[in-house]
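User: I'd like to go through this model and ask what stands behind each label. Can you take me through it?

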Amino acid sequence: MITTFRIRRFNPETSPSRPYFQEYKLDTDRADTVLDALIHIRETLDESLTLRCSCRGAICGSCSMRINGHAALACKTKVQVMASERGVVQVEPMNNMPVIKDLVTDMAGFWNKVRQVQPWLQPAGQEPEGEYLASSESMNHLTGVMGCIMCGACVSDCAALEVDERFVGPAALAKAYRFVADPRDGAGRSRLLALNEPGGMWDCTRCMECIEVCPKSVGAMDRIMSLRSRGIQVDVPSTCGARHAEVFADLIYRKGRLDEPMLAARTFGLRNFSRLLSLLPMVLRAFVRGKVPKSGPFHRAIPGVEKMRRLFQRMEERL
Amino acid sequence: MKFAFFPGCVSKGGCPELYQSVMEVYPQLGLELEEMTTASCTGAGVLQEKDRKLGDVLNARTFALAEQAGLPIMTICSTCQGVMSQANHRLTTDPPYLAAVNEILSEEGLTYRGTTRIRHFVWILLEELGERGIRQRVRRPLTELRAAPFYGCYLQRPSEALGFQEQPDRAKSLELIMSWLGLEVVDFPGKTRCCGFPLLTINGKNSLRMVASHTLDAKHHGADILVTPCPLCHLNLDGMQSSAARQQQADIDLPIWHLPQLLGLAMGMEPKRLGLSRHLVSTQGVLDKLGSAVA
């Protein structure tokens, strides 16, 4: 099968040092991975092509790159699956990090953010005479997140990082969850307090890109949602994010469906009155077009809301 | 084809023109809808931040109500579809979990057996009407319009819960349907990215950056309009577009359409009946452009 590899090239030492696409045609086998093909290109067609790889078995996380627009491990991605009808595969370096050369990115920022969440166990209290004990159930729960190979795929495709590089990002937050949820760790509250700050757990936009691209099914966004839930449980200082979730739940409990104006008003509250005020021009324009929904006493509950409320109460009794 | 119709909160709240346009088009598509008036909000992924199991219980309640009526569910909101698909995936792949949820549902005398199918209006157009069913209803092919699809997140990810394996065309449903309506489909990288709506109350600046980024990207690729199957994406991309333009000091002015509006127009309906005058970014320029083609 003749496949065209459209590879994004970049060499800072040449002038002009702008990225460009270069195409290579290669006869590929149905069993070939994208990494096999890239190595073949480097060995037979263009020795200047630069990439990073090591284990070739989806263990080391070195060969993460964007294949047809989404981050993936090149060693785990089959050419045959990715080739378009015209037999083209596009390969680019990871996004949301500086490119050193061709498909090699600078991971320093990635590691700094992982270090920022203090990825080590911080037990509290007196050291036990034997080992620290943890139930099998609690450790089994953590095996998914411990499977992270730090390849950076989730960070590459993170929509929140794309618009704000201060966001700590999905890989670091998943790592933070690994320790927050570890029963042997004693620093849960201080970890959650740190993650409650701007750039922390509330800045995720819940786009699920990190879930989709993770080669190890770590499910970073689900871990971020669990961090938020734990933050609310331990009563970290209220942020717009936490209030939004709390008010949302309360409104559903009361009416069964969403009272949108009330959600905005109560989420921002008096403390963020200026934010609420900033929405006023939009609200007025929507009002003129008959788009402002009924609110408060004018917003009707779903029929039989009392029955639905009993489910909320049953859930609360279980906590 | 009869469905239990789950419109979602926003299509009857901040985005009423979506509900309005669906009400206009569905009888002409051979669909029969029975609105689920007693169903609750899905939680939209926000309630789940506080308590995911509570969200699954409420959604299982909705699925059980549809199951009792013997009907599949039709949604018109990508977020509702995504949240319900994820909940249904968890419930139907984990029998002990389903049993635990049913134990709570028994409070209301309900049981969910795991048989309810949940499909977005877009998927019903794709899988039930198909190319032939849609093309034969088109009275005004919208050939002069260049339109870019904007899926947002919930109709794309996670693909496992959305049934992409069994129905691979779902990944390109908008492009297919838009082409059947005669439109020139504009491809652009932002079509499956996040609109920024979930960040609107948490980090407004970042949310507006996303609005500006995707609308400008689509415009630079030559789109006259952006078409979305999600009312939450619409709220942000249409409602907050002028704020995003101010923040990023850019001229955007890109109308955002709901897919049923496009469908209705192609089927020969009047723009006003489809709620096209209710957008914050005016649709008039596009309608003028279509004027010669539509006349």
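Analyst: Sure, and a definition comes first: a residue is buried if 20 or more other C-beta atoms lie within 10 Å of its own. Keep in mind that this is a predicted model.

User: What makes strand β2 of chain A "hardly covered"?

Analyst: Set the strand against that cut-off of 20 or more other C-beta atoms within 10 Å. β2(A) spans residues 20–27, and of its eight residues the count that qualifies as buried is zero. Hence the label "hardly covered" for β2(A).

User: How do you know that β2(A) is paired with β1(A), and in which sense?

Analyst: Two strands pair if DSSP finds at least two bridges between them. β1 (residues 2–9) and β2 of chain A have eight bridges, in the antiparallel sense. As an example of who faces whom, Ile2(A) is opposite Asp27(A) of β2(A).

User: Over to chain B. Why does its radius of gyration agree with that of a compact globule?

Analyst: For 295 residues, the rule puts a compact globule near 19 Å; chain B comes out at 19 Å, so the two agree. Its C-alpha atoms occupy a box of roughly 60 × 45 × 30 Å along the principal axes. As for burial, 60% of the 295 residues of chain B count as buried. And among the chain B contacts with a separation of 6 or more, 81% link residues 24 or more positions apart.

User: What is chain B built from, and how is it divided?

Analyst: Chain B has 12 helices and eight strands. The assignment splits it into domain 1 (2–120) and domain 2 (139–294), whose C-alpha centres are 24 Å apart.

User: How do you know that the two domains touch, and what does each give to the contact?

Analyst: Contact here asks for C-beta atoms within 7 Å. On that test, 22 residues of domain 1 of chain B and 23 residues of domain 2 of chain B take part. On the domain 1 side, α1 (16–25) and α4 (78–93) of chain B are the elements giving two or more residues, and α1(B) gives the most, with eight. That side of domain 1 divides into seven nonpolar, 13 polar and two charged residues.

User: What makes β2 and β4 of chain B edge strands?

Analyst: The sheet is open, with four strands in the order β2-β1-β3-β4 (chain B) and parallel pairing. β2 (32–35) and β4 (118–120) of chain B each have a single partner strand, so one side of each lacks a neighbour in the sheet. On average, neighbouring strands are turned by 40° against each other, direction ignored.

User: How do you know that β1(B) and β2(B) pair, and what packs on the sheet?

Analyst: The pairing test again needs at least two bridges, and β1 (residues 2–6) of chain B shares four with β2(B), running parallel. Within that pairing, Phe5(B) is opposite Glu35(B) of β2(B). The helix packing on the sheet is α4(B), which touches β1, β3 (73–75) and β4 of chain B. The direction of α4(B) makes about 155° with that of β4(B).

User: And where do chains A and B meet?

Analyst: There, 50 residues of chain A contact 48 residues of chain B. On the chain A side, elements giving two or more residues include α10 (220–233), α11 (240–255) and α15 (305–318) of chain A. The most comes from α11(A), with eight residues. By type, the chain A side holds 25 nonpolar, nine polar and 16 charged residues.

Notes: Residues are numbered from 1 along each chain as its sequence is written. Chains are lettered from A and ligands numbered from 1 in the order in which they are written. This is a predicted model: local features need pLDDT of at least 70, side-chain atom pairs count only at pLDDT 80 or more; totals for chains, interfaces and linings use all residues. The radius of gyration is taken over C-alpha atoms; the globule rule is 2.2 Å times the number of residues to the power 0.38. A residue is buried if 20 or more other C-beta atoms lie within 10 Å of its own, exposed if 12 or fewer, and partly exposed in between; C-beta atoms are placed from the backbone. Ala, Val, Leu, Ile, Met, Phe, Trp, Tyr, Cys and Pro count as nonpolar, Asp, Glu, Lys and Arg as charged, and the others, Gly among them, as polar. Domain bounds come from an automatic or database domain assignment. Axes are lines fitted to C-alpha atoms, for helices over the stretch in contact, and angles run from 0 to 180 degrees between N-to-C directions.
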